[in-house]
Amino acid sequence: GGSLLYRGNDDFFNFVAAVGFDREALQKVSYAADEVWLDMGDFKPQIIHGHMRPDLDSERSRYLASVGRTDEIRVTLSTPIVREERVIAIFCLDNFESETAFDEQAVETALLYARQACALMERFKLEATLRSNRDDLYYLAYHDPLTDLLNRNGFVKALQKLSDEPDFDKGHLLLLDVHNFKFVNDSWGYAMGDALLEQIALRLR
């Protein structure tokens, strides 16, 4: 058996994967950073015997036992996944048969897994950032950032799409100009001019 706990933005560790447990039931369980049995100042894997768990008699442990096989765990190999000197996740391997199941080779393998997992998390984070940036750039290419209305490129694209409709015959184009808008900027400042444009956009919607 085993599990993966991920540290969220609220600084709590939550189960994101588990074998040997009711995964849906695990959504109710979380650990504060200072509650995790792993020494947060030491990034080395730790071998924890079942009878050594600090919260063995807690209500949370009893709940975990009701949704999984925690009472049968003889030993756990707990390995931190570290990024920028901070534990961001903990990978736990459970053995139900022997307290000496994890040797030095198992610890080295766990360390290798933790490094690979960290690299994958970094990759996913970068890909998400790139997708977000690409979406933002695409949006800005066709929208005015102040009013969120279509800009000239967006208007032309929308007009072309409309003209491609099979039932498109003819239409009317209305040109709206803000009279003396330069006077507003010059007299009351660009902040007031921006506020005016935002109000106009609101009314156009």
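Author: A pocket here is an open set of points on a 1 Å grid over the protein atoms alone, where a 1.4 Å probe fits, with protein on both sides within 12 Å along at least five of seven lines; lining residues have an atom within 4 Å of a point. The model is predicted, so local features need pLDDT of at least 70 and side-chain atom pairs pLDDT 80 or more, while totals for chains, interfaces and linings use all residues. Residues are numbered from 1 along each chain as its sequence is written, and side-chain values use heavy atoms, without hydrogens and water.

Reader: What is the volume of the largest pocket?

Author: Grid points are joined across faces, edges and corners, and the volume is the space filled by probe spheres set on them. For the largest pocket this comes to about 750 Å³.

Reader: Which residues lie nearest the centre of the largest pocket?

Author: The lining of this pocket has 20 residues. By class, 15 of them are nonpolar, 2 polar and 3 charged (nonpolar: Ala, Val, Leu, Ile, Met, Phe, Trp, Tyr, Cys and Pro; charged: Asp, Glu, Lys and Arg; polar: the others, Gly among them). Nearest the centre are Leu149, Leu150, Leu175, Leu176 and Leu204.

Reader: Which helix gives the most to the lining of the largest pocket?

Author: Helices (H or I, at least four residues) and strands (E, at least two) are DSSP runs, numbered from the N terminus. Helix 3 (152-163) and helix 5 (190-204) each supply at least two lining residues. With 4 residues, the one that gives the most is helix 5.

Reader: Is glutamate 84, with its positive phi, buried or exposed?

Author: Glutamate 84 is not a glycine, yet its phi is about 55 degrees. This residue sits in the loop between strand 5 (75-83) and strand 6 (86-95). Its relative accessible area is 73%, and buried means under 20%, exposed over 50%, partly exposed in between (1.4 Å probe, protein chains only). Glutamate 84 is therefore exposed.

Reader: What is the relative accessibility of glutamate 85?

Author: Glutamate 85 is in the loop between strand 5 and strand 6. Its phi is positive, near 60 degrees, in a residue other than glycine. Glutamate 85 counts as exposed because its relative accessibility is 66%.

Reader: Which residue meets glutamate 122 in a salt bridge?

Author: A salt bridge is a side-chain nitrogen of Lys or Arg within 4 Å of a carboxyl oxygen of Asp or Glu. The side chain of glutamate 122 meets its partner at 3.1 Å, N to O. Glutamate 122 is in helix 2 (residues 104-142) and the partner in strand 5, so the pair ties together parts 39 residues apart in sequence. Glutamate 122 is partly exposed at 27%, whereas the partner is buried at 17%; that partner is arginine 83.

Reader: Where do aspartate 186 and lysine 182 both lie?

Author: These two residues form a salt bridge, with the closest N and O atoms 2.7 Å apart. Lysine 182 is exposed, at 61% relative accessible area. The partners are 4 residues apart, about one turn of the helix, and both lie in helix 4 (residues 181-188).

Reader: Which residues do salt bridges that share partners join into one network?

Author: The count comes to 5 salt bridges. In one of them, arginine 7 and aspartate 11 meet at 2.9 Å, N to O. Arginine 7 counts as buried at 12%, and aspartate 11 as partly exposed at 31%. Shared partners join into one network Arg7, Asp11 and Arg86.
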